[in-house]
Amino acid sequence: MITASHNPVEDNGVKMVEPDGGMMPQSFEPIAAELASCTDAVAVLAVLRERVFAGVAIPAPRPPHVTVLVGHDTRPSAPHLLVAALDGIRALGVHAQSIGCVTTPQLHFLVHAVNASAAPANGPATPELQSYFDTILGAFLQLQAPAAGSGAASGGQTVYVDCANGVGAVQLQPLVPALAGVGVELRLRNTGGGQLNHQCGADFVQKDRKPPSDFEDVPAGARCCSIDGDADRLVYFSPVEGRQGSARGLMLLDGDKVAMLAAVYIRDIMNQLPPDLLAGIQVCCVQTAYANGAATAYLRDVLKLPTVCTPTGVKYLHEAAHGADLGIYFESNGHGTVLFSQELLKRLREAGDHPAAKELLLLARLINQTVGDAISGLLLVELILRRKGWTLADWEALYTDLPSRQLKLKVADRSTITTADAERVCVTPAGLQDAIAQTVSQFPMGRAFARPSGTEDAVRVYAESGSQEQADELARRVAQHVYDMAGGVGPRP
Ligand SMILES: CC(=O)N[C@H]1[C@@H](OP(=O)(O)O)O[C@H](CO)[C@@H](O)[C@@H]1O
Ligand SMILES: [Mg+2]
């Protein structure tokens, strides 16, 4: 998948999808990093010979029935990178096929689907994007029909969608008429007229806490959501009038809130299943250190669901969620999904006509099982809110986020900072963790950590405390410790 996701339009990159539709294995990361830093074709070939094709001729004998599918997002650099990618794959003796401008999760879904379906005698099945909509949207339409006599609300609902000027603007189109038919009016904004991810998109909304561009006329209190440039992240929000002429703000329902909504709903359905069906079935919610402390407390104290904390990055969350029969994982920034194990699906199928079992089986179709998916996530949220008859305010009221602050700073060499305990504790440089802990102890409900970013040359600091001012001050003081003890460069925070 040729995309740089939520990053600026001038960036581009590659996400690799495994034959089962999963993410690139971590063991390939060092090789991918070497390939990415090659400066010419000779160097690329050398890495391929030594690290990938060790001992095999290039081009290798063409493997029968092997096809590499290539998708891309809306970046202007996509067309020439697409040609380069297709040429490169074919030069290795492998069949390559472009499937055009698709979302990252659609590509994951299609790769999984072609490999999971029985291959016809003359080669693998042809990937059809329609199968994605048939599965995900089809399941939504079946699920949204309220059970007879349930009295679930089915009134009209308008949802403003910030498409980040990315591929979601194209791929959400088929949903518009389908959802209109069941009383949900999607109004797509930032559909390509402006710059990709600039002042818009899930990353902007979640980090800057401001309504995106092209939302000036959207009324305060409206139901809105925002996806990122390759449509694998989703956050909900509602514009809030600024006080006395100040800029408008927003009520944010981030990935943590999406996870809790999904957890509440799934727990309710599971409670309707016969207990023996669930014997030995493990449910797990996976979060990172960035999950708001109030969300973690809600999981533990109200939902009483087991939770796991992993390092930042969906590959870790996905892996941990796979370890359970039902794994719910979302990063606060809106990337995540709900995974069902084969064992759970088997038991649900065996339960025959049990309404709760049928509902969970449909949910496993509605929810993209390969990777976090903004389109599938939007349908999941709309389904749950409709089923519960909830507004965004009802959803937001599940728990109250602790005020938090994220900031980043530069140090000479961020690898001098190493962490443990899912990045919540600094191991080196010596003394940094003690300094952070000492500062945190002075703040009510204080929690803070610092970690080197995996994607940027920066150290990220996260803090939460009883008030916004305290969270801001705690983050600043932790950043000062990092600056002083880990070789900060530029102005001191
Ligand atoms: C705090 C934060 O949002 N970190 C992001 C960011 O990782 P860093 O390692 O923090 O740079 O990019 C990752 C890839 O998109 C995403 O998975 C992760 O959640
Ligand atoms: Mg993305």
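Two residues count as being in contact here when their C-beta atoms, placed from the backbone, lie within 7 Å. Keep in mind throughout that this is a predicted model.

**View 1. L366 and the residues it touches.** Skip the neighbours within four places in sequence, and L366 is in contact with I136, A139, F140 and L143. S376, L379 and L380 complete its list of contacts. L366 also turns up in the next view, as one of the residues with the most contacts inside the largest nonpolar core.

**View 2. The largest nonpolar core.** This core takes in 111 residues. Alongside L366, the residues with the most contacts inside it are A262, A450, V461, V478 and V482. Helix α14, which runs over residues 374-388, chips in 9 residues, and no other contributor gives more. Where does the core lie relative to domain 1 (26-127) and domain 2 (404-485)? It lies between them, because both domains give residues to it.

**View 3. The two assigned domains.** The domain assignment of the protein gives domain 1 as residues 26-127 and domain 2 as residues 404-485. Go from the C-alpha centre of domain 1 to that of domain 2 and you cover 39 Å.

**View 4. L326 in strand β10.** L326 sits in strand β10, which spans residues 326-330. Is L326 buried or exposed? It's buried, because 24 other C-beta atoms lie within 10 Å and 20 or more is what it takes to count as buried. Leaving out residues up to four places away in sequence, L326 touches I266, V283, F340 and L344. V338 is 12 residues away from L326 in sequence, and their C-alpha atoms are 7.0 Å apart in space.

**View 5. The shell around ligand 1.** There are 13 residues around ligand 1. Which of them come nearest? That would be E331, N333, S453, G454 and T455. Sorted by class, the shell has 8 polar, 3 charged and 2 nonpolar residues.

**View 6. Stretches annotated in UniProt.** An unreviewed UniProt entry lists "domain: Phosphoacetylglucosamine mutase AMG1" at residues 130-235 and 254-390. Over residues 254-390 the chain is 53% helix and 15% strand, with its end C-alpha atoms 17 Å apart. The UniProt record, again an unreviewed entry, places "domain: Alpha-D-phosphohexomutase alpha/beta/alpha" at residues 1-29 and 67-118. Residues 1-29 come out at 3% helix and 0% strand, and the end C-alpha atoms of that span lie 16 Å apart.

Terms used. Residues are numbered from 1 along each chain as its sequence is written. Chains are lettered from A and ligands numbered from 1 in the order in which they are written. This is a predicted model: local features need pLDDT of at least 70, side-chain atom pairs count only at pLDDT 80 or more; totals for chains, interfaces and linings use all residues. A residue is near a molecule or strand if its C-beta atom, placed from the backbone, lies within 6 Å of it. Ala, Val, Leu, Ile, Met, Phe, Trp, Tyr, Cys and Pro count as nonpolar, Asp, Glu, Lys and Arg as charged, and the others, Gly among them, as polar. A nonpolar core is a set of buried Ala, Val, Leu, Ile, Met, Phe, Trp, Tyr and Cys residues joined through C-beta atoms within 7 Å. A residue is buried if 20 or more other C-beta atoms lie within 10 Å of its own, exposed if 12 or fewer, and partly exposed in between; C-beta atoms are placed from the backbone. Helices (H or I, at least four residues) and strands (E, at least two) are DSSP runs, numbered from the N terminus. Domain bounds come from an automatic or database domain assignment. UniProt positions are given in the numbering used here, feature names are shortened, and annotations may be inferred rather than shown by experiment.
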